[in-house]
Each structure stands twice: as structure tokens, then as C-alpha cells.
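Reader: I've got a fold open on my screen and a coffee in hand. Could you walk me through it, one question at a time?

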Amino acid sequence: MRGEAGGTAVLTPGGEVTVRLVKTPRADVCYSAVVIRDDGDHLVVRAPWAGAADRDFGFVRFERGDVFREHYWRDRWYSVKEVRDASGRLKGWYCDVTRPAVVRSDSLTVEDLDLDLWLSADGGTVLRLDEDEFLDSGLPERDPVAAARAREALDELEGLARADRFGALLDDRPGRVPGRRC
């Protein structure tokens, strides 16, 4: 860790961090990841598939050996996970709509808001997922402001996917000027 202000740490590349996906009322998902980059806003980690078993979603299969390059932001209502198989072949991007990331010296926590998006590697398939779970969660009634932010985040992700803008969103090369179009 290089510094911590207001409870938000800036993590050092190469260090390990525990990723915690809060899935209320279901059990949280926790796993270890290696920090690739953290500029104080955009945090990138790398982790193997954390599931206990392979999982077939119909549109993609996550399995042992898959590697996730996960992008989190402290000011955005989503995370994006680039998914590659064991040989390095890109499967696509799985996006979780979440509250902004909370980063501490040893952990990264996001609250899953039950909306997801899948973008296939070839860009030909863009799927909005789990909108029924979002409605069943009660968030729209409990916290209408957060529910509106979640819907805006899903719309933003879909717009980026359909406009072939994921590359610019996820560009985390050192020296890149944030917000600059490629």
C-alpha cells in the first residue's frame, strides 16, 4: 500500500488483495487477486476463476483455468471483468452493476446490485442480464436513487459495448491520459 486517505487505500502493483462481492441477501463471494494497477480511481486486479466448479451460463462457460482481469472504479457504479481461458483466448467481458468500489489496504469491496451485462469477445453478443433479480431484490423500492444509478450504469455499459468503446474504457496502460479517446 502506498497511501490511505479517508479509508481509501491506493494499492501497490504485485500485491495481493481480497476481493469481496457483497451479494445481499445471498452469501458474499470472496477471493484473492493480484493488483496490476491502481491510479487512485481505476483499480485493475487479476484472479483465476473463483468458482468451486465450472459454470455454464448458456452464453459463456466459466471454468477452471480461466483468468479474470477485473476493472473497478471508486466513482463508477460498475465493474468489468475481461475473461480469458487457460490458453489466453478472450471469451468476453462480464460486467457487474455495483456500488463504487471501497478499497482498503488489504481488500476491495463492491456491493452487487443484481444487474449484469455480457459482451462476447467478437462484440457480436451484448446481453443485459438479471433484470428480474434486480426487481426481486427490492432495491427500486428501498433505495430509488441507487436503483436509478444502477439502471444508468447498465445503460452506459450497453452503450459502450454497442459502440465498441470497451477498449478505451479499460485502457490501463501507464502514461495514458484518462478520458482521452483512443
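Reader: Let's begin with a hairpin: how many residues join strand 3 to strand 4?

Author: Bear in mind that this is a predicted model. Strand 3 covers residues 16-22 and runs antiparallel to strand 4, with six bridges joining them. Val-17 stands opposite Ala-33 in strand 4. As for the connection in this hairpin, strand 3 passes to strand 4 through six residues.

Reader: And in the hairpin of strand 4 and strand 5, which residue takes a positive phi?

Author: Strand 4 and strand 5 are antiparallel too, paired over four bridges. In that pairing, Val-35 sits opposite Val-45 of strand 5. Their hairpin has three residues between the strands, and the one with a positive phi, near 95 degrees, is Gly-40.

Reader: Moving along, which strand does strand 5 join through seven bridges?

Author: Look at Leu-43: it stands opposite Tyr-72, which belongs to strand 8. The two strands run antiparallel, and the partner of strand 5 across those seven bridges is strand 8.

Reader: What residue is the bridge partner of Arg-69 in strand 9?

Author: Strand 9 spans residues 78-84 and pairs with strand 8 in the antiparallel sense, over six bridges. The two make a hairpin with four residues between them. Across from Arg-69, the partner in strand 9 is Glu-82.

Reader: How many of the seven residues of strand 8 are buried?

Author: Strand 8 has bridges to strand 5 and to strand 9. Buried here means under 20% relative accessible area. Strand 8 is largely enclosed by the rest of the structure, because the number of its seven residues that are buried is five.

Reader: Now the rings. Are Trp-49 and Phe-68 stacked or edge-to-face?

Author: The structure holds twelve aromatic pairs, and this is one of them. The ring centres lie 5.9 Å apart and the planes are at 25 degrees. Planes under 30 degrees apart count as stacked, so Trp-49 and Phe-68 are stacked.

Reader: Where in the chain do the two partners, Trp-49 and Phe-68, sit?

Author: Both residues are buried, and both belong to one aromatic cluster that also includes Phe-57, Tyr-94 and Trp-118. The pair links distant parts of the chain, 19 residues apart. Trp-49 is in the loop between strand 5 and strand 6, and Phe-68 is in strand 8.

Reader: I always check cysteines before choosing a buffer. How many disulfides does the count come to?

Author: A disulfide is a covalent bond between the sulfur atoms of two cysteines. Cys-30 is partly exposed, because its relative accessibility is 47%, whereas Cys-95 is buried, with a relative accessible area of 0%. With a cut-off of 2.5 Å between sulfur atoms, the disulfide count comes to zero.

Reader: What about pockets: which strand gives the most to the lining of the largest pocket?

Author: The largest pocket has a volume of about 630 Å³. Of its 27 lining residues, the closest to its centre are Leu-21, Lys-23, Trp-49, Arg-55 and Phe-57. Strands 4, 5, 8, 10 and 12 each supply at least two residues of the lining. The top contributor, with three residues, is strand 12.

Reader: Last one: how many charged residues does the lining of the largest pocket have?

Author: Two of the residues closest to the pocket centre, Lys-23 and Arg-55, count as charged. By class, the lining has 15 nonpolar residues and one polar residue, and its charged residues number eleven.

Definitions and conventions:
Residues numbered from 1 in each chain as written. Predicted model: local features only at pLDDT ≥ 70, side-chain atom pairs only at ≥ 80, totals over all residues. Heavy atoms only, no water. 1 Å grid on protein atoms, 1.4 Å probe; cavity = no way out; pocket = protein on both sides within 12 Å on 5 of 7 lines; lining within 4 Å. Points joined across faces, edges and corners; volume = space filled by probe spheres on them. Buried < 20%, exposed > 50% of the residue type's maximum accessible area, 1.4 Å probe, protein only. Pairing = 2+ DSSP bridges. Phe/Tyr/Trp six-rings, centres within 6.5 Å; stacked < 30°, edge-to-face > 60°.
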